[in-house]
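Reader: Hey, could you take a close look at the charged side chains in this one for me? I'd like to hear how they pair up and how open to solvent they are.

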Amino acid sequence: MELLQQKLDEVKSEVCSKIDDLSTMKREKKDLNSQLNTVLFELEQCRKEVDCISSDKRSLELELQKTNNKLDDAKKRDEKCEQEIDAMKNEMKNVVDANQAKLEEFTRRLLETQKKIERTRRKRRDAGRKMCETRRKSFPIAKRIKST
């Protein structure tokens with residue numbers, strides 16, 4: 001009986017030890033579950049931050065694309081303005097060339113007219129001189145009266 005009692009005590013001791021181990025394991029499980037919940041919570045926070053960062057990234061990419069589109073539009077407007085400026089310069093050059101040609105033609109005609117006027121004056125002057133000479137020859141008395 002003592003042997004039985006001893007065995008019973010051993011078994012009891014083992015059961016108590018196993019119960020203690022089980023209690024310890026339950027506490028450890030509870031601690032691990034708590035740690036796991038903390039890690040899961042932190043993981044969820046990280047996911048939310050990653051989602052937020054992804055959303056911000058997409059927003060920034062869209063904003064960059066809009067800015068690039070605006071830049072392309074500005075470049076196109078600038079090129080168009082440059083083309084219009086070049087066209088205006090060519091048009092102004094053509095106008096200046098046409099005006100220069102008109103001015104040269106006007107100057108040429110003016111010089112021709114001045115030459116004609118000068119020839120006409122000479123002819124009239126020469127004709128007036130001839131007339132005076134003819135009168136003098138025709139009226140010699142007038143010449144004598146003048147001299148006295």
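Author: Here's a walk through the charge pairs, one at a time, and then a patch of charge.

Keep in mind that this is a predicted model. Searching the whole structure turns up seven salt bridges. The general idea is simple: side chains of opposite charge can pair when their charged atoms come close.

Let's start with Glu-61 and Lys-57. These two form a salt bridge, with their closest N and O atoms 3.9 Å apart. Both sit in helix α1, which covers residues 2–138. They're four residues apart there, or about one turn of the helix. How exposed is each partner? Glu-61 has a relative accessible area of 43%, so it counts as partly exposed. Lys-57 comes in at 51%, and that makes it exposed, because the exposed class begins over 50%.

Next up is the pair of Arg-108 and Glu-105. Their side chains meet in a salt bridge with an N to O distance of 2.4 Å. Helix α1 holds both of these residues too, and here the spacing is three residues, again about one turn of the helix. Arg-108 is partly exposed at 38% relative accessible area. Glu-105 is also partly exposed, with a relative accessibility of 29%.

Then there's Glu-118 with Arg-122, whose side chains meet in a salt bridge at 4.0 Å, N to O. You'll find this pair in helix α1 as well, four residues apart, about one turn of the helix. Glu-118 has 31% relative accessibility and falls in the partly exposed class. Arg-122, at 39%, is partly exposed too.

Not every bridge stands by itself, though: Glu-105, Arg-108, Arg-109 and Glu-112 are joined into one network by salt bridges that share partners. So the Arg-108 and Glu-105 contact described above, at 2.4 Å, belongs to that network, because a network here is built from salt bridges with shared partners.

What about charges outside the bridges? Lys-115, Lys-116, Arg-119 and Lys-123 form a positive surface patch. Residues in a patch have no salt bridge, so these four are not partners in any of the pairs above. One of them, Lys-116, is found in helix α1, the helix that also holds Glu-118 and Arg-122.

Note on methods: Residues numbered from 1 in each chain as written. Predicted model: local features only at pLDDT ≥ 70, side-chain atom pairs only at ≥ 80, totals over all residues. Heavy atoms only, no water. Helix = DSSP H or I, 4+ residues; strand = E, 2+ residues; numbered from the N terminus. Buried < 20%, exposed > 50% of the residue type's maximum accessible area, 1.4 Å probe, protein only. Patch = residues over 30% accessible without salt bridge, like charges linked within 9 Å, V, L, I, M, F, W, Y side chains within 5 Å. Areas by Shrake-Rupley, 256 points an atom, 1.4 Å probe, with all protein chains shown as cover. Lys, Arg positive; Asp, Glu negative; His and termini not counted. Charge placed at Lys NZ, Arg CZ, Asp CG, Glu CD.
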